[in-house]
Amino acid sequence: MVEHQRRPGWAEVEEFLSQTLVHGGPGMAAVIESIDAAGMPRIEVAPTAGKLLMLLARISGARRVLEIGTLAGFSTIWLARGMPDGGHVTTCEFLPEHASVARRNIDAAGFGPMVDIRVGAALDTLVTLDGGEPYDFVFIDADKANNVEYLKWALRLTRPGAVIVMDNVVWEGAILDPVSDPDAGAIRAALEFMGASPALDATAIQTAGSKGWDGFAIAVVR
Ligand code: DHB
Ligand code: MG
């Protein structure tokens, strides 16, 4: 009997795309090793998504980035790589243990002076940023329950033309079955907020790869 050839799947295609296009460099592999070494969850953005953040920051000409959810600094470093000279990243992390891993990774990658890590609940940090210079780019990737609040803060802390990106907007499709998971309900509410806000032009793209089935929402502030 002829053996059926196995079709490559999403994860293998993702691996090919990463190897072929992303070229993260040795610093990025070290970040992943630090996540495993610290026993932190492997929920960082995929390399292809990290590079997308860098490219979106660069395409939009962002100089000031706000990130909500640092984890080990993987996406933070990608965002910092998208900054011009004089650019700045403020990143909010709830857990001090995660923030110290991120600090080491960001410093080792050479972006220490560019990145300010604020430890504590992001909603407490965001209020302290009010009235400062506006941000050009916001990446939201923290506790999903607060996504709508984070979007409201993103609108408050940005200028017209700023870009807002939100991770995990598909959540394995659970957004259509939100009773099963309170995070799914919060993510869906954030998408509905984006779609209904007259201050935002928004869309989303689904992703399927090393992180399963998920997606990014992308919006521009009017
Ligand atoms: C989880 C959080 C994330 O930001 C992510 O990208 C994937 C998973 C989580 O909390 O499970
Ligand atoms: Mg995420």
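1. Donors are taken here as N, O and S atoms within 2.8 Å of the metal (3.2 Å for Na, K and Ca), and because water is not among the atoms, sites may look incomplete. On that basis the magnesium ion (ligand 2) has as protein donors Asp141 (OD), Asp167 (OD) and Asn168 (OD1), which lie 2.0 to 2.1 Å from it. The spacing of these donor residues in sequence is D-x25-D-N, and both Asp167 and Asn168 are buried (under 20% relative accessible area, against over 50% for exposed and partly exposed in between; 1.4 Å probe, protein chains only).

2. This is a predicted model, in which local features need pLDDT of at least 70 and side-chain atom pairs count only at pLDDT 80 or more, while totals for chains, interfaces and linings use all residues. Residues are numbered from 1 along each chain as its sequence is written, chains are lettered from A and ligands numbered from 1 in the order in which they are written, and side-chain values use heavy atoms, with hydrogens and water left out.

3. Seven strands (DSSP runs of E, at least two residues, numbered from the N terminus) form an open sheet of mixed pairing, in the order β3-β2-β1-β4-β5-β7-β6. The edges are held by β3 (115-119) and β6 (200-209), each with a single partner strand, so one side of each is left without a neighbour in the sheet.

4. Strand β2 (residues 88-93) pairs with β3 in the parallel sense over five bridges, where pairing requires that DSSP finds at least two bridges between two strands. Glu93 has Val119 in β3 as its bridge partner.

Technical notes: Helix = DSSP H or I, 4+ residues; strand = E, 2+ residues; numbered from the N terminus.
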